[in-house]
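Visitor: Could you take me through one part of this protein up close? I'd like to hear about the largest pocket, and then about whatever sits around it.

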Amino acid sequence: MPETDKIDQRGEYYWSQVKKHGVKYPEFNWPSVEMFLNLIYTYDVVSGHSAGKISPYGITRAGFGVLMILSRSQFKACKQNEISQLLLVSRANITGLVDSLYRQGLVERVNATHDRRINMIKILPKGEKLLEDLLPGYFKYVHDMCSVFTSKEKKIFNDLLTRLRNRTSEVKG
């Protein structure tokens, strides 16, 4: 079965089954649930496709995120806990992630000069080269994917996502 058929089948399930079964709960609000499912479903689709753009370079989306953070930092290095806080994907196992990048020769661990207990992670030239090779195609992919929206729509979309993210932080308790 082609991937698009799977995606359509999953979407059909969400839109038909969830609404039908959710109405038994007084708190159920279909427009809110539909938006929430659409957000998660879209993230899953976009995430899977973007991982496919990164994986030929031998790294994961999380590894890509670490390299991007390091390449943009002032000294091409960050404390391991800072990487964990900035990472846009799961922070569950930053040590294992850094270990993997280290084994590939993309990063190194360096003790901070002011405190040897602090582990700094530094991107190596091989990591920088990987990003130089990967980023043109990746940014083209992102631009092509988002080209279905006008600049104004992108601004509105970003504002809406920010509002949702802020509200999520308020409601999490």
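Guide: Sure, let's start with what the pocket is lined by: 26 nonpolar residues, 10 polar ones and seven charged ones. That lining runs to 43 residues, and the ones closest to the pocket's centre are Leu39, Tyr43, Val46, Phe157 and Leu161. The space inside comes to about 2200 Å³.

Before we go further, keep in mind that this is a predicted model. The protein's mean pLDDT is 88, with 92% of the residues at 70 or above. Confidence isn't even along the chain, though: helix H1 (residues 3-22) has the lowest mean, 71, while helix H6 (residues 125-146) has the highest, 97. As a rule of thumb, where pLDDT is low, don't read the predicted coordinates in detail.

Back to the pocket. The elements that put two or more residues into its lining are helix H2 (30-54), H3, helix H4 (80-86), H6 and helix H7 (151-171). H2 is the biggest contributor, giving 12 residues.

Two of those lining helices, H3 and H6, are worth following because they also meet each other, with Phe64, Leu67, Met68 and Ser71 on the H3 side. On the H6 side you'll find Gly127, Glu128, Leu130, Leu131, Leu134, Leu135, Tyr138 and Phe139. By type, the residues of this contact are nine nonpolar, two polar and one charged. As for geometry, the axes of helix H3 (residues 61-72) and H6 come within 11 Å and cross at roughly 110°, so the two helices are roughly perpendicular to each other.

H3 has another partner, helix H5 (residues 94-103): here the axes come within 10 Å and cross at roughly 80°. That crossing angle therefore makes H3 and H5 roughly perpendicular as well. Ala62, Gly63 and Val66 come from H3, and they meet Ile94, Leu97 and Leu101 of H5. The tally for this contact is five nonpolar residues, one polar and no charged.

One last stop, at a single residue in a loop. Isoleucine 118 sits between strand E2 (107-111) and strand E3 (119-123). Leaving aside residues up to four places away in sequence, isoleucine 118 touches Lys79, Val110, Asn111 and Ala112. For a sense of scale, isoleucine 118 and serine 16 are 52 Å apart in space, C-alpha to C-alpha, and 102 residues apart in sequence.

Terms used: Residues numbered from 1 in each chain as written. Predicted model: local features only at pLDDT ≥ 70, side-chain atom pairs only at ≥ 80, totals over all residues. Heavy atoms only, no water. pLDDT = per-residue confidence, 0-100. Helix = DSSP H or I, 4+ residues; strand = E, 2+ residues; numbered from the N terminus. Axes fitted to C-alpha atoms, helices over the stretch in contact; angles between N-to-C directions. Parallel < 35°, antiparallel > 145°, perpendicular 65-115°, else oblique. Contact = heavy atoms within 4.5 Å. Nonpolar A, V, L, I, M, F, W, Y, C, P; charged D, E, K, R; others polar. 1 Å grid on protein atoms, 1.4 Å probe; cavity = no way out; pocket = protein on both sides within 12 Å on 5 of 7 lines; lining within 4 Å. Points joined across faces, edges and corners; volume = space filled by probe spheres on them.
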